[in-house]
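Here is a short report on the structure shown next. It covers the sheet, two helices, salt bridges and a surface patch.

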Amino acid sequence: MQFIKALISDKILLRIVFEDLFDIKRKVRSNKFHLDSTMKWLTSAQDNSVTGGIPRAWDVKNKWLDPYPETTGYIIPTFVDYFKITKNHEFLERAIKMGKWESCLQLKNGAFPDKTLNSNRPFVFDTAQVIQGFNSLYQNTGQDVWLENSKKAADWVISKQNKDGSWIRCSNNREPHSYYTRVSWPLMELAHLNGSDKFYSAAEKNVKWVLSMQKKNGWIDKMSFSESSHSITHTIAYTYEGLLGCNDYINNVNVKSESLDLVNRGMEKILFSFKNNPKWYRNGIPVIFDENWSHKGNFSCLPGNAQIAKVWLWLFKISKDRKFFDNAKLLIEQIKMSQINHHGHIGAVPGSYPIWGKYGAFSFLNWGAKFFADALIMMISQQKILKNKDSFE
């Protein structure tokens, strides 16, 4: 009842529900316009938190939720990247503000808690995402405090690693996950910045464990949040994105080649389905895939779509295979059509399309905006490589 009252009282959200119900798409504008709108929404989110962190989401029942350490951590590099292309120092200052808030949360053992669970229980995944934020701040400010924070956190992360390279202790549901390649990626970054073999070795060990989970069709086992749940596009993309991030630093030629080949095979499967299903151009990729790359679900996870678009653009950067660029562009257009352009929510990215889909229903998630901004920034960069007359179109 509380939910119904909240929905009815929000005229803008009712309008969004009406548009999604009748498949009325929102206006598609330039990459620059959508990127600027997305970043303005993220700054608005930050301004609605007195901490400097980014609220987890805006939802219809509770409005702005509490700031979220995990996603604030990996939003920091997005703000830094936006600062680099706009030269607007406000965004670097905002990234530093996020970093200072994270520093206040860091536990004595170096770990970070998942505050969304109302607990100080430390989490490996969450901690690694904050490491990535600290790494970015160190690279772009030269201040040693960020590097020291990263090293302290990374020492704790590798202390929880299993001998086979996976993580179970302090992991989601206390199970090993392939999408923890996104733990290894920040460790690889830190090893590069700090010259530390121990962080590199831990990350490489995890990559090798993930490679042992692969199937011939490019599928990777254990990509879901738990053994009892399906693999969704969000965690699937995490897995392959993490592998690509690690691949920038891996020294072992065989591991590097096998890892890139695996990403190509997996992403080719989703791309093939996307190319051959015109409905997906408008409504987005279905939320669930199984080990045979069969798709399920009657809604689309927009953060997952943005992540997949980014991975395709990353593969285009590596291979120069135009199909990755062209289909990423189509997928980004779909997200543009789903992005909110109504007063009070301009630039927000819903968790799902339609908005009542079960991933972040009736809410705007901060990581949806983050991944969409990342995809747009990468698209703009790739368009420059293609020498378009205007890289922002």
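Isoleucine 288 has lysine 296, in strand 5, as its bridge partner. Strand 4 (residues 286-289) and strand 5 (residues 295-301) pair in the antiparallel sense over three bridges. Two strands count as paired if DSSP finds at least two bridges between them. Helices (H or I, at least four residues) and strands (E, at least two) are DSSP runs, numbered from the N terminus.

This is a predicted model, in which local features need pLDDT of at least 70 and side-chain atom pairs count only at pLDDT 80 or more, while totals for chains, interfaces and linings use all residues. Residues are numbered from 1 along each chain as its sequence is written, and side-chain values use heavy atoms, with hydrogens and water left out.

**Sheet**

Strands 4 and 5 belong to an open sheet of four strands. The order is 3-4-5-6, with antiparallel pairing. Which strands form the edges? They are strand 3 (231-232) and strand 6, and each pairs on one side only. Strands of a sheet pair through backbone hydrogen bonds, either parallel or antiparallel.

Valine 287 also serves as a distance marker. Its C-alpha atom is separated by 35 Å from that of histidine 192, 95 residues apart along the chain. Histidine 192 sits in helix 8 (residues 181-194). Histidine 192 counts as exposed because its relative accessibility is 58%. The cut-offs are under 20% relative accessible area for buried, over 50% for exposed, and partly exposed in between (1.4 Å probe, protein chains only).

**Helices 13 and 14**

Helix 13 covers residues 302-319. Its 18 residues should span 26 Å at 1.5 Å a residue, and the end C-alpha atoms are 26 Å apart, which agrees. The expected span is 1.5 Å times one less than the number of residues. Helix 13 is mostly covered, with 15 of its 18 residues buried. Lysine 320 follows helix 13 and has a positive phi, near 65°.

Helix 14 has 17 residues, for which the expected span is 24 Å. Its end C-alpha atoms are 25 Å apart, which agrees. Its buried residues include Phe324, Phe325, Leu331, Ile335 and Met337. What covers the buried residues of helix 14? The cover includes helix 3 (31-47), helix 11 (253-275), helix 12 (278-283), helix 13, strand 6 (352-353) and helix 15 (366-385).

Two residues of helix 14 can be set side by side. Arginine 322 lies in helix 14. Arginine 322 is partly exposed, at 43% relative accessibility. It touches Phe316 and Leu386, not counting residues up to four places away in sequence; contact means heavy atoms within 4.5 Å. The C-alpha atoms of arginine 322 and tryptophan 312, 10 residues apart along the chain, are separated by 9.9 Å. Serine 338 is also in helix 14 (residues 322-338). Serine 338 is buried, at 1% relative accessibility. With the same sequence neighbours left out, up to four places away, serine 338 touches Arg26, Leu302, Pro350 and Tyr353.

**Salt bridges**

How many salt bridges does a search of the whole structure find? The count is 23. A salt bridge is a side-chain nitrogen of Lys or Arg within 4 Å of a carboxyl oxygen of Asp or Glu. Side chains of opposite charge can pair when their charged atoms come close.

| Pair | Closest N to O |
|---|---|
| Glutamate 148 and lysine 151 | 3.3 Å |
| Lysine 310 and glutamate 241 | 3.0 Å |
| Aspartate 321 and lysine 323 | 2.4 Å |

Lysine 310 lies in helix 13 and glutamate 241 in helix 10 (residues 233-247), so the pair ties together parts that are 69 residues apart in sequence. Both lysine 310 and glutamate 241 are buried. They belong to a network of salt bridges that links Arg182, Glu241, Lys310, Lys370 and Asp374.

Glutamate 148 and lysine 151 are three residues apart in helix 7 (residues 144-159), so about one helical turn separates them. Glutamate 148 is partly exposed, with a relative accessible area of 42%. Lysine 151 is partly exposed at 23%. Aspartate 321 is partly exposed at 27%, and lysine 323 is partly exposed at 22%.

**Surface patch**

Phe18, Leu21, Phe22, Ile24 and Trp356 make a nonpolar surface patch of about 520 Å². Patches take residues with over 30% relative accessible area and no salt bridge, joining like charges within 9 Å and nonpolar side chains (Val, Leu, Ile, Met, Phe, Trp, Tyr) within 5 Å. Accessible areas come from the Shrake-Rupley method with a 1.4 Å probe; for residues, only the protein chains shown count as cover. Phenylalanine 18 lies in helix 2 (residues 11-21). Phenylalanine 18 is partly exposed, at 46% relative accessibility.
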